[in-house]
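Reader: I'm new to this structure and a bit lost. Could you take me on a close look at the sheet and what sits around it?

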Amino acid sequence: MSDDIKKQLGAVIDSYKEDLCQMADEIFDLAEISGEEYKTSDILCSYLEKEGFVVERGTGLETAFRATWDNGSDGPVIGILVEYDALEKIGHACGHHLQGPAGIGAAIAVKNCLQDYPCRLVVYGTPAEETLGGKIIMLDKGYMKELDLAFMSHGSPNTSVDEKCMALENFVVTFHGVKSHAAISPEEGRSALDAALLSFHAIEMLREHVKDDTRMHYTIRNAGGPPNVVPDLTVAEYTLRSYSTKYLDEVVERFYNILKGAALMTGTTYEVQRDIPFKSKVVCHKVNDMLMANAAYENAPSIAPPRERTGSTDFGNVLYEVPGSCIRIAFTDKDAQPHSEAYLKAGKSDAAHNAIVYAAKIMADSICDVLVNPELLAQIKQEFEAAREKG
């Protein structure tokens, strides 16, 4: 039965290909950066409204949205998340312009072909991925937590899924000391720069005593002045990462103690600005396997094994709350890197247009799998809860 439905889903998506590709090209040309995706958001919302979805705009961020199709009241809540911000001064060199059209294609197909299966389908527009971590802001305001399962797509050199992503904490620390002349009255000074340097040295000592996957970076943003003046102000920035959110919390606690110690040793004070934390995703292998099985079913290009380890993403915060995964679809050369000229040049290519269709079909097929077989979703949730408990 599901194969018959998947053929219907694919036929619907194919019939919308021209519209979806035109929409992607228009978003590519707009190249609106994080938090400023006003026209792009309107394009996506207007199309969803035209197709019968109920659209709520400004969901947590001005350019975010939530579009729903309710098909009964006793089915699961399935989410499709789409990003659409471009990179400042570069444009759509990450493939985000493909996500909205792909998500819309999948949503329309599900709405047209799976009316016999109760569910609520939600398309979430999630802006500002490249800078603010828009999904985290939306989560903090209560959005997306109602989902039973979350899907996303992303352009890539290969068709694959991800295993882990890194939890990330970023801090900007301003140290305050006492200014004095470094030659005439050094004893009166309290060096804010010394405090920063001691904190850096302590982090180097800490490296020996953390788990292998821990990453710690730092830099000086403002050293405080010329060499003949004891600086009374120094601004430093620190980034801490781990593939475990729970373990990163422990590292952060030790980092705070480093700051206390550095200030105590130098007779200085400090202020901490803590940025929005990025969490590590909870990996659901059943979801990954389902997406890749459907990628094979649709004969997607350049199928590759899962990416074992990746950087940090605000989608990780979503996948810390609800099960799900992102299907990556090949549309560039295999050696192309995100945020590169190669990604940009491929943005309106035939391969990019085909990637929209593949992504839409794979997500729609996967939604079909969980709606036709409710036990599969129960198994996914069970795996998710067990994996999250382990941290």
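Author: Here is a walk through the sheet, followed by a pair of helices and one loop residue.

A quick word on the ground rules: this is a predicted model, where local features need pLDDT of at least 70, side-chain atom pairs count only at pLDDT 80 or more, and totals for chains, interfaces and linings use all residues. Residues are numbered from 1 along each chain as its sequence is written, and side-chain values use heavy atoms, with hydrogens and water left out.

Now the sheet. It is open, has six strands in the order S1-S2-S4-S3-S5-S14, and its pairing is mixed. Strands (E, at least two residues) and helices (H or I, at least four) are DSSP runs numbered from the N terminus, and two strands pair if DSSP finds at least two bridges between them. At the edges you'll find S1 (54-57) and S14 (324-330); each has a single partner strand, so one side of each is left without a neighbour in the sheet. On average, neighbouring strands are turned by 20° against each other, direction ignored. (Axes are lines fitted to C-alpha atoms, for helices over the stretch in contact, and angles run from 0 to 180 degrees between N-to-C directions.)

Zoom in on S3 (residues 77-82) and S4 (residues 119-125): they run parallel and are joined by six bridges. Ile78, for one, has Leu121 in S4 as its bridge partner. Helix H8 (residues 285-297) packs on the sheet, touching S5 (149-156) and S14, and its direction makes about 30° with that of S14. Contact here means heavy atoms within 4.5 Å.

Leu121 turns up again when you look at Thr68, which sits in S2 (residues 65-71). Leaving aside neighbours within four places in sequence, Thr68 is in contact with Phe53, Val54, Leu121 and Val122. With a relative accessible area of 9%, Thr68 is buried (buried is under 20%, exposed over 50%, partly exposed in between, with a 1.4 Å probe and protein chains only).

Next, the helix pair. The axes of H3 (residues 38-50) and H4 (residues 99-113) come within 11 Å and cross at roughly 10°, so the two count as roughly parallel (under 35 degrees; over 145 is roughly antiparallel, 65 to 115 roughly perpendicular, the rest oblique). Leu44, Tyr47 and Leu48 in H3 meet Gly100, Pro101, Ile104 and Ile108 in H4.

Last stop: Pro186, in the loop between S8 (180-181) and H6 (192-206). Pro186 is partly exposed, at 38% relative accessibility.
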